[in-house]
Amino acid sequence: MPDLTPDEFRALGHLFVDAVADSRARIERHPVRDVVSPGTVRARFPREAAEGPTPLAGFPSLVESITGDADTRWQHPGFHAYFPANASLTSLLGELLSGAAGVQGMLWSTSPACTEVEQAITDQLARALGLPESFTHDGGGGGSIQDSASSAALVALTAALHRAAPDPESGWRARGATGRERVYVSPETHSSLAKAVRVAGLGAIGLRTVPCTPGTASMDPAALADAVRADTGEGLVPVLVCATVGTTSTGATDPVAEIVTVATRHGAWVHVDAAWAGVAALCPEHRWVLDGVAGVDSFCTDAHKWLLTAFDASLLWVRDAGALPAALSITPAYLRDPASDSGAVVDFRDWQIPLGRRFRALKLWAVLHGQGLTGLREHLRGHIALAEELARRIRGHDGLELAGEPVLSLVCLRVTGDRDGSATAALLGRVNADGRVFLSGTEIDGRQVIRVAFGAVGTTREHLDVLWEILAGGR
Ligand SMILES: *Cc1c(COP(=O)(O)O)cnc(C)c1O
């Protein structure tokens, strides 16, 4: 048989699980980032694939020998760069079941379980976050699990284009882009929105960058109103406005309610990109991240960043369950299905770009089951407390200053009085050279800033102390 028997799988599976457990247990023996030159890993491979089979029992150690000194360890508790990519062991257990099920949940009938678990879990999560009931499948909208926030933005834009088309019968599907469609973002909006505009074929002119309120990194709603008014005056079509809650660079938030007021006046779709920050709404004290969302069309947050769930699990909720299928559904004969025709089921293929889809809800379910909402809140609050403590220490340090107030678990800092950013850039280099921590940078008003984004699964107060020793010692 060209596969393992279940008994062989059982035996090997134990070995592989041991290897995973060992590598997590020993992760802090390694630097967060290995220093390698390009081509290092590829050079260790023979040119040709092996003709014959090799026993899999040795595979974990082979992988370790080929890749073990050439990695960036996102699960290392000293990883504070970018935003986290939690791959909790809890979610890996769910991943195993998901892979094992091996289903393809494109239609409800190709795996009723895959579809309905996803509906139930996204409904539960909507309620746990405090999203309005209108975003649930029970309430006429619904959630889906996308591969990434970038895909979620593209899907939302496609639905928005369809809704905005002048021909209500066939919508955007028949006519395509006319060159008049406009999408509004701020200079701080994630690049995935610009990419979505490109993929949707709207061209560079399709993207309008609305300035931020002076002195802030939040979209200026008055400037948005001016831009939209000017565009409609010229016969252009405002299609979508993206409001960000927790920008990638500095954690800034756009005024969602005011943006909704402007956008809805002109029939534009409002998409909230809360890829990183949105999950914080699980904690009642951080529910401000949902301010204004009652009026938006779609809301996205990544479970695969800070919510203990292994990539990929981006949550996208829409207020109108029909909006995505209206734009995306195409039914060739080979996909015709009585359950779909009955209208009584959701076919998630119509809520995303690809046809096929994994049973992603299982890993999220495992996390909810194994941690409970209490465990998730504890995880989030722990990192937020670390950010507050780091900010407190920076305020008391002569050589370092905050580049803004911390947002949730994100702290932006620079070297005190660093006019051109060079001292801050040098400090970032020294800190990362240590190996025990990894930070990334950004710019505010063109000046270098260091970002500390707490959020790795095992990061504790001790790791903050290590970071502080390196950071403060480097100054
Ligand atoms: C990380 C991030 C994204 C992109 O997330 P993916 O899920 O990797 O596509 C989009 N928007 C914001 C605000 C982000 O922080």
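**Entry 1: ligand contacts**

I began with Thr248, where a polar side-chain atom sits 3.0 Å from an oxygen atom of the ligand. The model is a predicted one, and I read every distance here as computed from it. Next I looked up Asp273, which places a polar side-chain atom 2.6 Å from a nitrogen atom of the ligand. I then turned to Lys305 and found an N or O atom of its side chain 2.9 Å from an oxygen atom of the ligand.

How much of the ligand does the protein bury? I found that the ligand taken alone exposes 390 Å², and that the protein buries 88% of this area. I also noted which elements give two or more residues to the shell around the ligand: helix 5 (149-164) and helix 10 (303-306).

**Entry 2: the shell around the ligand**

I listed the surroundings of the ligand and got 13 residues. The closest are Ala149, Ser150, Asp273, Asp302 and Lys305. Two of these, Asp273 and Lys305, I had already written down for their polar side-chain atoms. Sorted by class, the shell has 7 polar, 3 charged and 3 nonpolar residues.

**Entry 3: salt bridges**

I moved on to charged pairs. Side chains of opposite charge can pair when their charged atoms come close. How many salt bridges does the structure hold? The count I have is 28. I looked up several of them one by one.

The first on my list was Asp350 with Arg349, whose closest N and O atoms are 3.5 Å apart. I checked the accessibility of this pair, and both Asp350 and Arg349 are buried.

My next pair was Asp465 and Arg393, whose side chains meet in a salt bridge at 2.9 Å, N to O. The pair links distant parts of the chain, since Asp465 belongs to helix 15 (residues 461-473) and Arg393 to helix 13 (residues 361-395), 72 residues apart. Are the two partners buried or partly exposed? Asp465 has 33% relative accessibility, so I entered it as partly exposed. Arg393 has a relative accessible area of 16%, so I entered it as buried; the cut-off for buried is under 20%.

I then took Arg414 and Glu401, whose side chains form a salt bridge at 3.4 Å, N to O. Arg414 lies in strand 9 (residues 410-415) and Glu401 in strand 8 (residues 400-402), so this pair ties together parts that are 13 residues apart in sequence. Arg414 is buried at 10% relative accessible area, whereas Glu401 is partly exposed at 24%. I also recorded one network, in which salt bridges with shared partners join Glu95, Asp312, Arg358, Arg360 and Lys363.

**Entry 4: nonpolar surface patch**

Last, I looked at the surface. Which residues form the nonpolar patch? I wrote down Leu15, Phe16, Leu56, Phe59, Leu62 and Val63, with about 460 Å² of accessible area together. Helix 1 (6-25) and helix 2 (59-67) each supply at least two residues of the patch. The largest share is from helix 2, with 3 residues.

I picked out Leu62, which lies in helix 2. Why can Leu62 be counted in the patch while being only partly exposed? Its relative accessible area is 44%, and patch residues need over 30%, so Leu62 passes that cut-off.

Definitions and conventions:
Residues numbered from 1 in each chain as written. Predicted model: local features only at pLDDT ≥ 70, side-chain atom pairs only at ≥ 80, totals over all residues. Heavy atoms only, no water. Patch = residues over 30% accessible without salt bridge, like charges linked within 9 Å, V, L, I, M, F, W, Y side chains within 5 Å. Areas by Shrake-Rupley, 256 points an atom, 1.4 Å probe, with all protein chains shown as cover. Salt bridge = Lys/Arg side-chain N within 4 Å of Asp/Glu carboxyl O. Helix = DSSP H or I, 4+ residues; strand = E, 2+ residues; numbered from the N terminus. Buried < 20%, exposed > 50% of the residue type's maximum accessible area, 1.4 Å probe, protein only. Near = heavy atom within 4 Å. Polar contact = N/O pair within 3.5 Å; in protein donor to acceptor, adjacent residues only side chain to side chain. Nonpolar A, V, L, I, M, F, W, Y, C, P; charged D, E, K, R; others polar.
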